[in-house]
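Okay, thanks for coming, everyone. I'll put the structure up and then walk through a few spots in it.

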Amino acid sequence: MIGTEIQNGYYQDYRRFENTLPGRKVPWLARLRSEAMERFMAHGFPSSHEEGWKYIDQPPVKRRRFQLAQAECPVSEDDLMPYLPDDHARWRVVLVNGRFAPLLSRLEGLPAGVTVASLATTLEHEPAMLEPYLGRYAGINGHGFGALNTAFMNDGAYIRLGPGAIVREPVHLVYVASGARDSVAHVRNLVVADENSQGTLVETYLSLDEESYFTNVITEVISAQNAHLVHYKLEQESARALHMAGIHIHQGRDSHYTACNVASGGQWVRNDLNVVLDAEGGNCTLNGLYFTAAHQQVEHHTRIDHRAGHGTSRQLYKGVMDDHSRGIFSGRLVVHPNAQKSDARQTNNNLLLSEDAEAISKPQLEIYADDVKCAHGSTVGYLDEEALFYLRSRAIDEDHARSLLVYAFASDILQQITLMPVRANLERRLANRFLKGCAIGGLK
Amino acid sequence: MSGPAEKIRRLIKKKYPAGFVTDIEVDAVPPGLDEDIIRLISAKKNEPRFMLEWRLKAYRHWLTMHEPTWAQVQYDPIDYQDIVYYSAPAGQEARPKSLAEVDPRLLKTYEKLGIPLREQELLAGVAVDAVFDSVSIATTFKDKLSELGIIFCPFSEAVQAHPELVQKYLGTVVPYTDNFFATLNSAVFSDGSFVYVPPGVRCPMELSTYFRINAAKTGQFERTLIIAEEGAYVSYLEGCTAPMRDENQLHAAVVELIALKDSEIKYSTVQNWYPGDEEGRGGIYNFVTKRGACRGDHAKISWTQVETGSAITWKYPSCILEGDNSVGEFYSVALTNNYQQADTGTKMIHIGRNTRSTILSKGISAGHGQNSYRGLVKVLKGAMGARNYTRCDSLLLGDKCGAHTFPHIDVHNPTATVEHEATTSKIGDEQLFYCRQRGLSAEDAVSMIVNGFCKQVFNELPMEFAVEAQRLLSVSLEGAIG
């Protein structure tokens, strides 16, 4: 195969590690991996001429050759604790540099019918459980990052909520990078929610140092009839981290999926969310908040496919950009023929705080059915002068008034968060960021 | 509902009223495109050297380009060697001095289209430049306008009479390297209108150009250039029709507007090229590049378009807001019925301080029509206090059509305020029921609701055109209701 030097490097890695990957003897899995590698060799990384990839002149991950992350686990509970002030969850899965860390994870006492396990272990011992789902929804036909992840698919979280299983407390997935300099972790998660099940997932991505590394994660979520899932993804990595996430959600009849993505860390963060409402009555809500500074670039690309009637989708993404940073939102909503009575709304609001900050917004509607209600809205702007005046006239000085308004803008998303510890943590982070030295209403 | 359904079926059969052919001898070049054809076109028009060189530069650049594929439209590949790039009614080599000398068959054609050139000359109101295939056959009111220093003439005449103006402004807004179709146009363009309004002059009447494609297998490539000097004002209208034919014909025009300090250009289009039949056969491919530049402070450019014709429309009238406090506006109604496809919208580039832009787009899809709005609002770093408001509404009539919205917002300045809003819906059953209950037929009710939906845009059109547009809309919609 002919590829670029970097592609060939990854290909050599693949040949070298192919036989150490979990489940290597399972034929369908081996085929999935090798097809993905072929796809990657044939197409490589997306070029900046491709729609959706044109905002980075030179994607930082394309030029660099990352080594596969190492398996040893140098992190102890004490190292981790300062980064998890809200370690509230009863069940916790910790992955260090993309590998399951059993000593740091807590999985005792899960309700009946619920599985939370390492993907590598499951691939090794019970691959048949994964066959109907794994790789079926993410596909390998997307961009090179997805194919690369599938080829090197190794570890991650496997969560299964059996029929009727209700997990009342959240499952916390913590992804830690430590001493990961110039390495890449291809994390793969699979979440299967069977009929009438309910659960909440919280994903937190952390760095224990300031190294530059790359996280390439794919999460597949399959939600069966009347399943209810709430999925938080909190991106809090170091200022030099690179992060690419592909989240693929497939929804069955009357299922509910609520996502909340908060991105504040990382040098380049990209979240691709693809939702397919495949049966009638699917309901999905995607919320996002990104606040960026320095030279950060945060991108959210969503695509929602209303394939069946009576589906509802809601999107609200808010961005606050400071310094030289850039926030990008591109949302595509497709209502297929016959998906009548679809109801979709898409909103993206951006606030620019500095002269060098940039906001790019592309909310898109593609509608092939007539009896639908679809709307989208997008704004970019600065703080409202009248609101500022209102606060100033109440004896709040200008800096504080501005901080308060920015905080208020961002906290819209927080109101949608129903999981209290997550909300409190985010409120604290936001207050630290935007209410510097401002002691109003007990928020400090 | 059998009564109204029957009526509707009858209405569907209604033919495109402008679809007749005028039988006239033509002077055409052979089909195909190479440097010789370009030299031939240039020679036919007796053009100065700089024009020919410009055309050849464009042609050589065009050979290196690829046809764009990003638009939400589908069509069979175009064979550029099968198109006749120049066709003119015979005997027009010496341009007639007055209407009396114009071939009566041509005048008849325009009369049939509802543009009686002679009457319009008498009943003061609108000055018309009539473009038939590749040449302009008549321009009315030229003398009266020239008293005020206004130049309103066919492009080919402007090249002869005012080469300094043409050379100064041609290609400064849409360079010959701009895009595939604009570059093709730069190489082969035949005629179009040229307008120059001197400083401080307010053009006393509407200027208008009526484009007609008549010959078969011919492409129309017209080029329009409008210059408004400091403090000038001009309102310009264009209308277009073509005969009904089974094969597709290409129309690739370029329009450049230049508004200097304190001037205003209002550009209105009622586009009614032949849209193809109900099976989607034939029709015009309307691939047009329109762009205006507000070069001075307080300049204003306003685009209003009513797009009801063409098999495929690919068109993005844009504004480059360079001067401080300059204003760009875009008002659009696009209707697609049967198998028509439209991918249209605008670009607003904010460069100067306190520049403002308004975008109002109304898309109506019926039958198997596909209608897309595609827009870019870009605020550059120095555009302090820039302001944009965008509203795109789509109306779906029928369950086989599609409506798409692809806005693109790119802001590099924190003091800018940019808003975009879009909705997509069908006509509510309650709305229809309300009208039906008050004795309106289903068609009248829909027609009334659609007219209401488009009213904000029609209000921007000059009076005569607004009436024309409303009528056109209801004719185009006939057969779509049910």
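Before I start on the sheet, one bit of vocabulary: when I say two strands pair, I mean that DSSP finds at least two bridges between them. And please keep in mind that this is a predicted model.

So, chain B to begin with. It has 12 helices and 23 strands, and of its 482 residues, 53% count as buried. If you take contacts in chain B between residues at least 6 apart in sequence, 83% of them join residues at least 24 apart.

Now find strand β12 of chain B, residues 264-271. Next to it there's β14(B), residues 300-307, and those two pair in the parallel sense over 8 bridges. If you want a spot to click on, T269(B) has Q305(B) in β14(B) as its bridge partner.

Then there's β9 of chain B, residues 233-241, which also pairs with β12(B), in the parallel sense and over 8 bridges. Here the pair to look for is G239(B), standing opposite V270(B) in β12(B).

Is β12(B) buried or exposed? Well, 8 of its 8 residues are buried, so the strand is largely enclosed by the rest of the structure. What I like is how the two faces look. E264(B), K266(B), S268(B) and V270(B) point one way, I265(B), Y267(B), T269(B) and Q271(B) point the other way, and all of them are buried. Yes, that list includes E264(B) and K266(B).

Carrying on along the sheet, β9(B) pairs with β7(B) too, in the parallel sense over 6 bridges. G239(B) turns up again here, this time with Y210(B) opposite. As for β7(B), residues 206-212, 6 of its 7 residues are buried, so this strand is also largely enclosed by the rest of the structure.

Okay, on to where the two chains touch. The contact takes 29 residues from chain B and 30 residues from chain A. Which elements give two or more residues to chain B's side? Those are β22 (402-411) and β23 (417-426) of chain B. By type, that side divides into 11 nonpolar, 13 polar and 5 charged residues.

There's strand pairing across the chains as well. β19 of chain A, residues 358-367, pairs with β22(B) in the antiparallel sense over 6 bridges. One place to look is I367(A), whose bridge partner in β22(B) is A403(B).

While we're on chain A, let's look at a helix pair. The axes of α8 (385-392) and α9 (398-415) of chain A come within 9 Å and cross at roughly 125°. Angles from 65 to 115 degrees would count as roughly perpendicular and those over 145 as roughly antiparallel, and α8(A) and α9(A) are therefore oblique to each other. Their crossing is right-handed.

Who's touching whom there? From α8(A) you have A387(A), L388(A), L391(A) and R392(A), and they meet E398(A), A401(A), R402(A), L404(A) and L405(A) in α9(A). That contact divides into 6 nonpolar, no polar and 3 charged residues.

Last stop, K25(A). You'll find K25(A) in the loop between α1 (5-17) and α2 (27-43) of chain A. Why does K25(A) count as exposed? Because it has 10 C-beta neighbours inside 10 Å, and the cut-off for exposed is 12 or fewer. Its C-alpha is 8.9 Å from that of E124(A), though the two residues are 99 apart along the chain.

That's my tour, so let's have your questions.

Terms used:
Residues numbered from 1 in each chain as written. Chains lettered and ligands numbered in written order. Predicted model: local features only at pLDDT ≥ 70, side-chain atom pairs only at ≥ 80, totals over all residues. Helix = DSSP H or I, 4+ residues; strand = E, 2+ residues; numbered from the N terminus. Buried ≥ 20, exposed ≤ 12 C-beta atoms within 10 Å, placed from the backbone. Axes fitted to C-alpha atoms, helices over the stretch in contact; angles between N-to-C directions. Parallel < 35°, antiparallel > 145°, perpendicular 65-115°, else oblique. Left-handed = near helix turned anticlockwise from the far one by under 90°. Contact = placed C-beta atoms within 7 Å. Nonpolar A, V, L, I, M, F, W, Y, C, P; charged D, E, K, R; others polar.
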